[in-house]
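Hi,

Here is the structure I promised to pass on. Have a look at it first, and my notes on what turned up follow below.

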Amino acid sequence: MKQILLALSTMIFFTALSAQCDKNLTLTSSKTEYLDASGSVQKTVDENTKIDIDKKSISISPGGDHKMTGAILSATCGWKTAFKEGKSEFKTEFEDNGTLKKITIVLEGKNGKTSFTATIADEPDKIIRVWLDSFEEKK
C-alpha cells in the first residue's frame, strides 16, 4: 500500500511540474539581448517581441517585422511556480530561407524574472534572449 501511495504521489508531483507544457501561451518582451557562448551580452535591442507557444509549434514575431514559426520536436517542463520558478526546454526546428535549423529554446523563471532563450544548434556562439514583460494563457 505504501508503494502505491508513493507511486501515486510521485506521478501527481511530476504531472504538476510538467503542466506548463500543455498550455497555449502568448509571451511579450520589449528588449532583446544577443549573447555569446559564455552568456555575455554582446548587443541589446529595444524591440517589441511576441511569442506564441502551443503544443505543436512556437511562433516568434520580433519587432513586428516578420513572423517565424517552428515545430516543437520535444518538450520538457519543470515549474515549481508557473513562470516564476522553473524551466521549460523545447527542441524545435525552424525553416530559414529553405534551410531547416534546429533550435533549443529555454523558457526559465528565476527569482521572479522569466527569460526566453534561443540557441541555434550550428551556431552555439549566438544566443538570443528576451526578458518577458507579460505572459498569458490562451484559451
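Let me start with the smaller details of a pocket. The lining of the second largest pocket splits into four nonpolar, three polar and four charged residues. Bear in mind that this is a predicted model.

That second largest pocket holds about 150 Å³ of space. Its lining is made up of L35, V106, E108, K110, K113, S115, T117, T119, I127, R129 and W131. Two or more of these lining residues come from each of β6, β7 and β8, with β7 giving the largest share at four residues.

Now for the largest pocket, where about 580 Å³ of space is available. It is lined by 25 residues, and I60, M68, I103, I120 and I128 are the closest to its centre. Plenty of strands chip in: β1 (24-35), β2 (41-53), β3 (57-62), β5 (85-96), β6 (99-110), β7 (113-120) and β8 (123-138) each give two or more residues to the lining. In terms of class, you get 13 nonpolar, five polar and seven charged residues there.

As for the fold, eight strands close into a barrel, in the order β1-β2-β3-β4-β5-β6-β7-β8, with antiparallel pairing. On average, neighbouring strands of this sheet are turned by 30° against each other, ignoring direction. If you want one pair to look at, try β1 and β2: they run antiparallel and are joined by 10 bridges. Within that pairing, T28 sits opposite K50 of β2.

That's the lot from me. Shout if anything is unclear.

Cheers

How values were computed
Residues numbered from 1 in each chain as written. Predicted model: local features only at pLDDT ≥ 70, side-chain atom pairs only at ≥ 80, totals over all residues. Heavy atoms only, no water. 1 Å grid on protein atoms, 1.4 Å probe; cavity = no way out; pocket = protein on both sides within 12 Å on 5 of 7 lines; lining within 4 Å. Points joined across faces, edges and corners; volume = space filled by probe spheres on them. Nonpolar A, V, L, I, M, F, W, Y, C, P; charged D, E, K, R; others polar. Pairing = 2+ DSSP bridges. Axes fitted to C-alpha atoms, helices over the stretch in contact; angles between N-to-C directions.
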